[in-house]
Amino acid sequence: TSAQIGVTGLAVMGRNLARNFARNGYTVALHNRTSAKTRALVEEFGDEGDFIATESAEEFVAALERPRRLVVMVKAGEATDAVIKEFAPLMEPGDMIIDGGNAHFADTRRRERELREQDIHFVGTGVSGGEEGALNGPSIMPGGSPESYASLGPMLEKISAKAEDGAPCVTHVGADGAGHFVKMVHNGIEYADMQLIAEAYQLLREVAGYSPAQIADIFRTWNTGRLDSYLIEITAEVLKHVDAATGKPFVDVVQDQAEQKGTGRWTVQIALDLGVPVSGIAEAVFARSLSGHSELRAASQGLPGPTAQQLSEAEAGAFADQVEQALYASKIVSYTQGFHEIAAGSEEYGWDIDLGAVAAIWRGGCIIRAAFLDRIRAAYDTRADLPSLLSDKTFAQEIGAAQDDWRAVLVAATRQGVPTPGFSAALAYYDALRADRLPAALTQGQRDYFGAHTYRRTDREGSFHTLWGGDRSEVGA
Ligand code: NBP
């Protein structure tokens, strides 16, 4: 017998993905650099389905039916290149190598180009949902050629998460690196979502004076409304948790220094390259790095500023409602920025990405899964070339309705010295977009003054320069 799919790289993700394929009735060939892991998988989970354990690259490739579908689930970066170098020479035209790791989309584009010369389809595939998702159904974002999707798609649809309406959370995102690009932005949005939730928590704690357990209940309530999402749900769980050793709230015994693996940073780096303002995502990445600068923070202890004044019980309840509005409005902005980045990447690389389909496959399985995504999909279904999520009538209306409370929360935060980089950046983005005139006109004047960079006028076509060092007359450029 031969296997319909093979998985190499059997750490947490690969092993669970392999089990997911097997549980769905596929025969799965297994391979890992250290073959003890392969044997362990079969020993522990062999009865879940049909596995073919292999010990060498040759044996692994030979176990796959043609065209071969070989999933690589190793540590992103050099390991992926090493694995490709090992397997590609053993493969034949029409075969597929599916990279399910968190690769940078530029690496995926390079690998796809190199393997195309050998007529091998390289399918860079974003997989979200962590360990649990890999086993029970992740959100899957494959790039690569349409031919590869024709062969792989049905299998991916089977193992993927299903949205509430039953739709599989997988779609062919676009050519070469499109899938990994979209996965990258997914993670950027995830950073922003987490930062906004963190700010809401901080405000409820320091301004409203609630305990972590009380805040857990507030999040639980929010989770029954428009903020219904996996991240809000687990926030309540984390806040409710009590440390066994000390009896204190868990959140009070964890060091307040956030770590990161890099996909959030990539999202911002690429946004800078594409000229897309993703200020909310950037603030989320910066907030994590600021938290980690313990020397800077220690040196800044004692700087003057207000300490938060806690509110009365009645005021606290009203304030919590306002924070919900601020959180929701800021979330709309994060997604607006993230989808703008996907649209810009799609344009730059010719991917023709269906933004509504991206929203749809994020409804289940992945970390940012939320009821909210159905509405984003609806917005793009209504108008596929929507210039911005904020130009969708429903979102515009909602953000408009939230803005008074959003502003009130930021006034309170500013007065009381509680940092809210995510909420603030989101509001600044909103106000900048809706402004009639921006001070960019002054910026252009300064640039023309010191560098003769020229400017365009509101009343005439063409580029102009003012003779700032001379009689200040204007000349055409
Ligand atoms: P790791 O990222 O920890 O990678 C471990 C695997 O890579 C092992 O199978 C290891 O083999 C193999 N490997 C390494 Br390291 N160097 C190798 C080399 N030079 N040649 C061959 N194999 C090599 O595993 P993971 O946490 O399961 O993640 C796998 C991929 O999925 C990563 O790209 C990750 O970013 C991505 N991802 C992870 C998550 C998550 O929640 N963890 C979510 C979404 C995506 P060995 O056993 O012989 O050492």
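## Salt bridges, a ligand and a small sheet

Counting a salt bridge as a side-chain nitrogen of Lys or Arg within 4 Å of a carboxyl oxygen of Asp or Glu, the total here comes to 32. Bear in mind that this is a predicted model, in which local features need pLDDT of at least 70, side-chain atom pairs count only at pLDDT 80 or more, and totals for chains, interfaces and linings use all residues. Residues are numbered from 1 along each chain as its sequence is written, and side-chain values use heavy atoms, with hydrogens and water left out.

Let's pick out a few of those bridges. Arg69 and Glu65 meet through their side chains, N to O, at 3.4 Å. How do these two fare for burial? Take buried as under 20% relative accessible area, exposed as over 50% and partly exposed as in between, with a 1.4 Å probe and protein chains only. On that scale Arg69 is buried at 10%, while Glu65 is partly exposed at 28%.

Next door in the numbering, Arg66 has a salt bridge to Asp95, with the closest N and O atoms 3.5 Å apart. Arg66 sits in the loop between α3 (57-62) and β4 (69-72), and Asp95 in the loop between α4 and β5 (96-99), so this pair ties together parts that are 29 residues apart in sequence. The helix and strand labels are DSSP runs numbered from the N terminus: H or I of at least four residues for helices, E of at least two for strands. Asp95 is buried, with a relative accessible area of 0%, whereas Arg66 is partly exposed at 43%.

Then there is Arg110, whose salt bridge to Asp81 brings the closest N and O atoms to 3.1 Å. Here too distant parts of the chain are linked: Arg110 belongs to helix α5 (residues 105-116) and Asp81 to helix α4, 29 residues apart. Both ends are partly exposed, Arg110 at 25% and Asp81 at 28%. The pair also belongs to something bigger, as salt bridges that share partners join Asp81, Asp99, Asp107, Arg110, Arg111 and Glu114 into one network.

On to the ligand. A residue is near it if one of its heavy atoms lies within 4 Å. Which of the 20 residues around the ligand come nearest? They are Met13, Asn32, Arg33, Thr34 and Lys37. By type, the shell divides into eleven nonpolar, six polar and three charged residues, where Ala, Val, Leu, Ile, Met, Phe, Trp, Tyr, Cys and Pro count as nonpolar, Asp, Glu, Lys and Arg as charged, and the others, Gly among them, as polar. Helices α1 (12-23) and α4 (78-87) each supply at least two residues of that shell, and α4 has the largest share, with three.

Backbone atoms reach the ligand as well. An oxygen atom of the ligand is 2.9 Å from a polar backbone atom of Met13, and an oxygen atom of the ligand is 3.1 Å from a backbone N or O atom of Val74. Taken alone the ligand exposes 910 Å², by the Shrake-Rupley method with a 1.4 Å probe, and the protein buries 74% of that.

Finally, look further along the chain for an open sheet of three strands, ordered β8-β9-β10 with antiparallel pairing. Strands β8 (455-456) and β10 (474-476) stand at the edges with a single partner strand each, so one side of each lacks a neighbour in the sheet. Strands pair if DSSP finds at least two bridges between them; β8 and β9 (residues 463-466) are joined by two. One residue to find there is Tyr455, whose bridge partner in β9 is Phe464.

Terms used. A polar contact is a pair of N or O atoms within 3.5 Å; within protein, one must be able to donate a hydrogen and the other to accept it, and residues adjacent in sequence count only if both atoms are side-chain atoms.
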